[in-house]
Amino acid sequence: MLDGLRQFLADIVSPTAHRALDDTGYRLAATALLIHVISLDGEPSEVEKRKLHSLIESRFGLDPGTADQLIASATLVEGEAVDLYRFTSVIMRSVDEEGRRRIVEMMWELVYADGEVSEFEDNVVWRAADLLAVSSRDRIDLKHRIAARRSKPAASGLGIADAAI
C-alpha cells in the first residue's frame with residue numbers, strides 16, 4: 001500500500017507523467033470525469049474551477065498543492081479520453097455504491113456551479129450515473145437536492161417553480 005501511494009505521488013509530481021488509469025487511480029478517474037463536466041460548455045469559468053478545486057480538496061481530503069497536481073493530471077487524461085467508460089470502469093472497480101453516488105453528487109454540484117444547467121451537462125451526468133450503476137431515482141434525487149441548495153439563499157419560501165424541484 002505504501003509503495004502504491006509513493007508511486008501515485010511520484011506520478012503526480014512528475015510534469016510529464018501520463019498516469020495509467022487502474023484500480024488505484026479512482027481519484028484521477030473521478031477528477032477527469034468532473035473536468036469533463038465543466039468543459040462541456042467551453043472553457044470552464046472561474047466559478048467552476050474554484051468549485052472543482054474545493055470539491056477535490058474536501059471530498060478527497062487533499063491539500064491545495066496535491067489537488068492542483070491531481071487536477072492537472074486529470075486534465076491531461078480527460079483530454080486523451082474518447083468516452084466516459086474509461087473513467088467509470090475504474091470507479092466501478094474501486095468505489096462502493098455510496099462513493100459512486102457521491103461522485104454523481106459532485107458532478108451535479110459542478111453543473112450547478114455557474115447557475116445554468118445545459119442539456120449537454122444533464123445528459124453527461126445521466127450517462128455517467130448509468131455507467132456508475134447509480135439509479136435514475138438516486139440521480140434525480142441528487143440533482144434536486146443540489147438545485148434546492150443553490151436556490152435556498154435566494155428563496156424565502158416555496159414558490160411554484162420550487163415545487164417542481
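How many residues does helix α3 have, and how far does it reach from its first C-alpha to its last? In this predicted model, α3 covers residues 46–60, which makes 15 residues, and it reaches 21 Å between those end atoms, close to the 21 Å expected at 1.5 Å a residue.

The setting of this helix is an all-helical one, since the secondary structure of the chain comes to nine helices and zero strands, and the pattern read along the sequence is α-α-α-α-α-α-α-α-α. The chain has 165 residues, of which 39% count as buried. Among contacts with a separation of 6 or more, 69% are accounted for by residues 24 or more positions apart.

Returning to α3, its buried residues are E48, L52, H53, L55, I56 and F60. Seen down the axis of α3, these buried residues fall within an arc of 160°, so they line one face of the helix. R50 and S58, on the other side of α3, are exposed. The buried residues of α3 pack against four helices, namely α2 (26–39), α4 (64–80), α6 (97–111) and α7 (119–131). Just after α3 comes G61, which takes a positive phi of about 65°.

Two of the buried residues of α3 lead on to the interior of the chain, for L52 and I56 are among the residues with the most contacts inside the largest nonpolar core, together with L33, I91, V104, M107 and W108. This core has 41 residues, and α2, α3, α4, α5 (85–94), α6, α7 and α8 (136–151) each supply at least two of its residues. The helix that gives the most to the core is α2, with nine residues. In soluble globular proteins, nonpolar side chains tend to be buried together. The surroundings of I91 give a local view of the packing: leaving aside neighbours within four places in sequence, I91 is in contact with Y26, A29, A30, L33, R100, I103 and L132.

Helix α2 also holds R27, a residue that is partly exposed, with a relative accessible area of 25%. Not counting residues up to four places away in sequence, R27 touches F60, L62 and L70, and F60 is one of the buried residues of α3. R27 and A74 are 47 residues apart in sequence, while their C-alpha atoms are 8.9 Å apart in space.

In helix α6, attention may turn to E105, which counts as buried because its relative accessibility is 11%, under the 20% cut-off for that class. Apart from neighbours within four places in sequence, the contacts of E105 are R59, L142, R145, I146 and R149.

R59 appears again in the lining of the second largest pocket, which is formed by Y26, R59, F60, S94, V95, G99, R102, I103 and M106. This pocket has a volume of about 170 Å³. Both α3 and α6 supply at least two residues of its lining, and α6 gives the most, with four residues. Two of the lining residues, Y26 and I103, are also among the contacts of I91.

Helix α7, one of the helices against which the buried residues of α3 pack, can be read in a similar way. At 1.5 Å a residue, its 13 residues should span 18 Å, and its end C-alpha atoms are 18 Å apart, which agrees. The buried residues of α7 are E121, V124, V125, A128 and A129. Seen down the axis of α7, they fall within an arc of 130°, so they line one face of the helix. The face turned away from this buried side carries the exposed residues E119, F120 and D130, whereas the cover over the buried residues includes α2, α3, α5, α6 and α8.

After α7 comes A133, which is found in the loop between α7 and α8. The phi of A133 is near 60°, a positive value in a residue other than glycine. Most residues other than glycine have a negative phi. A133 is partly exposed, with a relative accessible area of 45%.

How values were computed. Residues are numbered from 1 along each chain as its sequence is written. This is a predicted model: local features need pLDDT of at least 70, side-chain atom pairs count only at pLDDT 80 or more; totals for chains, interfaces and linings use all residues. Side-chain values use heavy atoms; hydrogens and water are left out. The expected span of a helix is 1.5 Å times one less than its number of residues. Buried means under 20% relative accessible area, exposed over 50%, partly exposed in between (1.4 Å probe, protein chains only). The arc is that of the directions from the helix axis to the C-beta atoms. Contact means heavy atoms within 4.5 Å. A nonpolar core is a set of buried Ala, Val, Leu, Ile, Met, Phe, Trp, Tyr and Cys residues joined through side-chain atoms within 4.5 Å. On a 1 Å grid over the protein atoms alone, a cavity is a set of points where a 1.4 Å probe fits but cannot get out, and a pocket is an open set with protein on both sides within 12 Å along at least five of seven lines; lining residues have an atom within 4 Å of a point. Grid points are joined across faces, edges and corners, and a volume is the space filled by probe spheres set on the points.
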